[in-house]
Amino acid sequence: RRMATRISTSLAALLAAQAIQAATTLLAAPVLVAGLGLDGYGLLGIAATLTLLLGILDAGLAAALTRRFAADGPEAGAALLAAAERLLLAGGCVVVLAAAALAWPLSGLLASPLPRGTLATALALAALAGAALWPTTLYQAGLNGRGRQAEAALIHAGGTMLRWGGSVVLVLGPLPDVRAVLVWHAVAALGSVALLRRRLRHGLPRARASVGGAGAYARDVSMLALAGLLFAVLDRLAGATLLPLAAFGAYSLIAQIAQMLGVLIVPARAVWFPRLSAALARKDAVEVRRALRDAVQVAAILVVPWAAVLALLPGTVLWAWTGSGELVGQAAVGLAGLATGWGLHALASAAAIFDLALGSMRRATRLSAAGAALLAVLAPAGALLGGAAGLGLAAGVAIGLYAAVYAAAPAGPLGGSTHPGLLAALLRTGGAAAAPSLIAAAAPPAPGRIGAGIVVWLAWLGGSAAAALVSPTGRMALAVAADRLRRRG
């Protein structure tokens, strides 16, 4: 019960931080679209794509750092941290310099009415903003490994509010220019990264930079990250090169919404990955199974209600959010496909903490590479044949197929031969979470944006409540919360 209380407290803080980030980003998006236009928002989408591409350059050291702190203690973690910081500093400098050199020729590939000089400057600034934000993952990983997940998440949430809130102020105020927004993103990112670094290094012993046996693990993680990251960028690359910039802006918008499903599992991974790593180090099979079950169940409670709303009510969501009939017509079908694919991917990523903690990632890497190859074929075809909607459907098929095969196959972390019963429990929780959205999709459409918004929130709230009541982990969390309320009363 004490362990459950501690986990519930950490998870609640993490969920609050994630809610702050999601709300800030979602509320800012319509304002930025209105102020910058879909072309300007498309440039922000390119910046987000560059940030994702930079994720492969930490060579898997972020996951290795969490594992090192959790399993081996602060001295070993400090040595690995020093080595990782050197890699990130060198890599960031190379990326910024390369972007400055290539910005002008790359700007000629963009189909946009914006001046080429504006496009070139924006591309260079996008790389700067991405490089400034890049170390966030490393420092958060270190704090997670030290058991300070809530602190890491809250600092990152504050940085997100600062970036997007400042962007809205600029657009509504004196500088409605995408270049000013990108400069602000870089400045705000540097501030949050500096604070994360200070908090992680507080109390750590001095240590000489050393990978210290984590090289093979980091290499395997980096290969998995490289293959997995292709899911997040291949569709955007196809859209950026094959779609008009305005259509790519629409696609960036729905991709941003769908990929937030992956953000929802961050609290579950942050809480249970260190716990699972420590249990495997102790060879505690009972705790390993319990930790994996809880991580997957919490991920289902968090992800499936929103995934179901986005997949089954995509037009309602876009209309309530933006009020743009043009956007609904262009992108609703694509949002349904992306939400299905990324929802399945989020659940598979929650289950993948078992392989990450175990250090056995070759199967996941091979499957992820195969899925990325499929996406490389489907994404251009979808963009050419169906615009933003076709691209979303193509990406959703490739991403969802990989996730289902990886997690649910007999050799997968949820397969019957690995952890019997976990997949059936997940399907029960997921079915309960999706039921309210199915009912809303079958009902007549609600009138007006306010009515559409009410339908969306009721479907999400109903799905979340049903999932929590059906899930054994959810019922335990509710019991802990009720016990704490009784004690306070």
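Helices in this tour are DSSP runs of at least four residues, numbered from the N terminus. The model on display is predicted.

**First stop: helix α17**

Select residues 448–470, which form helix α17, and display the side chains of Trp457 and Trp460. These two residues are 3 positions apart in the helix, so about one helical turn separates them.

Next, turn to the aromatic pairs, of which the whole structure holds 4. One of them is formed by Tyr402 and Tyr406, whose rings are stacked, with 6.0 Å from centre to centre and 15° between the planes. To locate this pair, select helix α15, residues 362–408; both tyrosines lie there, 4 residues apart, or about one turn of the helix. Are these tyrosines buried or exposed? Tyr402 counts as buried because its relative accessibility is 10%, and Tyr406 counts as buried because its value is 1%; the cut-off for this class is under 20%.

Returning to Trp457 and Trp460, the viewer should show ring centres 5.4 Å apart and planes at 80°, so this pair is edge-to-face. The angle qualifies because planes over 60 degrees apart are placed in that class. Trp457 has a relative accessibility of 47% and therefore counts as partly exposed. Trp460 is likewise partly exposed, at 23%. Now add Trp306 to the selection: ring pairs link Trp306, Trp457 and Trp460 into a cluster.

**Second stop: helix α8**

Select residues 215–242, which make up helix α8, and centre the view on Arg236. Which side chain of opposite charge is nearest to Arg236? It is that of Asp235, 5.2 Å away, and Arg236 is buried yet has no salt bridge. A salt bridge would require a side-chain nitrogen of Lys or Arg within 4 Å of a carboxyl oxygen of Asp or Glu. Display Gln259 as well: the side chains of Arg236 and Gln259 are joined by a polar contact of 3.2 Å.

**Last stop: a surface patch**

Remain in helix α8 and select Leu242, which is also found there. Leu242 is partly exposed, with a relative accessible area of 37%. Add Leu384 and Leu385, then switch to a surface display. Together with Leu242, these residues make a nonpolar surface patch of about 350 Å².

Notes. Residues numbered from 1 in each chain as written. Predicted model: local features only at pLDDT ≥ 70, side-chain atom pairs only at ≥ 80, totals over all residues. Heavy atoms only, no water. Buried < 20%, exposed > 50% of the residue type's maximum accessible area, 1.4 Å probe, protein only. Lys, Arg positive; Asp, Glu negative; His and termini not counted. Polar contact = N/O pair within 3.5 Å; in protein donor to acceptor, adjacent residues only side chain to side chain. Phe/Tyr/Trp six-rings, centres within 6.5 Å; stacked < 30°, edge-to-face > 60°. Patch = residues over 30% accessible without salt bridge, like charges linked within 9 Å, V, L, I, M, F, W, Y side chains within 5 Å. Areas by Shrake-Rupley, 256 points an atom, 1.4 Å probe, with all protein chains shown as cover.
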